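Subject: Structure for your review

Hello,

Here is the structure I said I would pass on, with its sequence. My notes on it follow below.

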Amino acid sequence: MNFKLEGVIPALLTPFTKGGVSVDYDRAAALAMHLAKQGVHGLFVCGTTGEGPLMTVAERKQMLEVVIQAVGKKIKVIAHTGCFDTASAVELTKHAAKAGAQAAGVFAPGFFGYDYDSLKAHFKAVANSAKDLPILLYDIPGCAKNGLSRQLIVDLATSVDNIVGMKDSTGSIQHFNEVLIHAPKGFIAINGVDEYSMQALVAGGSGSVASTANVVPEIFLSIFNNVKKGDLKKAWASQMQLSQAC
C-alpha cells in the first residue's frame, strides 16, 4: 500500500466538561483547528494522551468525527483504534475508515500477557477488517504491557499489505533503529518520545506524534523543518529547548 505520513502530529488532548462528566466536543474541534493553524501536519485522535482507552466506543467515534469535520480537509487525521479486545478494535477501525480518517494507529491489547502468535492474530484481524485503511502499529509497552518485538513488527509489515508503519513509544532509540534497519522499504516510523525527536528523524523516522505538541507545536516544527533542510545545528537547539520543557 502506498501511503505517506510525515511531520508533526500532536497526540490530541480530549477536552472534557467540568468535573469530567462528558467529552467537550466543541472545545475538541477548537483545539484541532488551533493546531492546524499552527502548521502541524496531522492529529492523532484518542490515543494515550487523548485518553482513548478510558472512553466509550461511542465517545471515540464521535470524537473522531468531530475532528475530521473540523480539520480533515486541511491536515491528516489519524484515529487511534486500539482496544484491549479485538472486537472493539475492529469496530473502531471500520468506523475510522468510514468516517474518513487517513490511517489508524492500533496498540496491543493489554492487562494479560500475550504471546507472539496471539499478538500477530490480533493485528491481522484488525488490519483485515479495513483493508483500504493504512494501519500503524502503536508500540507502547509501558501502558499496554505487551511490547512489539522487532520480529513481529517486520513480520506484520511484510505479510499484511495495509500495515504500513509504526508509532514507537518504547523509549528505546535502539529498538527504533533496529526496526528501521529490518523493515521493508517505505515503512513509516513515527516517533512518540519527545526526548529524542531530532535523533529519531535523523535515523530515518518520518515524524513525531507527541502530547507536548499540543502546547509547543512550534518547537516540534522547528526540529522537523530544520532536519529536513539539513540544518542540524538549529534542529539540535530546538531539541534542547524541547528537552528542557519536558
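In what follows, a helix axis is a line fitted to C-alpha atoms over the stretch in contact, and the angle between two axes runs from 0 to 180 degrees between N-to-C directions. Please keep in mind that this is a predicted model.

The helix pair H6 and H7. Helix H6 covers residues 150-159 and helix H7 covers residues 173-182; their axes cross at roughly 35 degrees and come within 10 Å. The crossing of H6 past H7 is right-handed. On the H6 side the contact is made by Arg150, Ile153 and Val154, which meet His175, Glu178, Val179 and His182 of H7. By type, the residues of this contact are three nonpolar, two polar and two charged.

The loop before H7. Ser172 sits in the loop between strand E6 (163-168) and H7. Ser172 is partly exposed because its relative accessible area is 25%, and the partly exposed range lies between 20% and 50%. Its C-alpha atom is separated by 21 Å from that of Gly82, and the two residues are 90 apart along the chain.

Helix H3. This helix has 14 residues (86-99), so at 1.5 Å a residue it should span 20 Å, and its end C-alpha atoms are indeed 20 Å apart. Its buried residues are Ser88, Ala89, Val90, Leu92, Thr93, His95 and Ala96. They pack against helices H2 (57-71) and H4 (116-128), and against strands E3 (76-80) and E5 (135-139). Gly100 follows H3 and has a positive phi, near 105 degrees.

Regards

Note on methods
Residues are numbered from 1 along each chain as its sequence is written. This is a predicted model: local features need pLDDT of at least 70, side-chain atom pairs count only at pLDDT 80 or more; totals for chains, interfaces and linings use all residues. Side-chain values use heavy atoms; hydrogens and water are left out. Helices (H or I, at least four residues) and strands (E, at least two) are DSSP runs, numbered from the N terminus. The expected span of a helix is 1.5 Å times one less than its number of residues. Buried means under 20% relative accessible area, exposed over 50%, partly exposed in between (1.4 Å probe, protein chains only). Contact means heavy atoms within 4.5 Å. A crossing is left-handed if the near helix is turned anticlockwise from the far one by less than a right angle, and right-handed if clockwise. Ala, Val, Leu, Ile, Met, Phe, Trp, Tyr, Cys and Pro count as nonpolar, Asp, Glu, Lys and Arg as charged, and the others, Gly among them, as polar.
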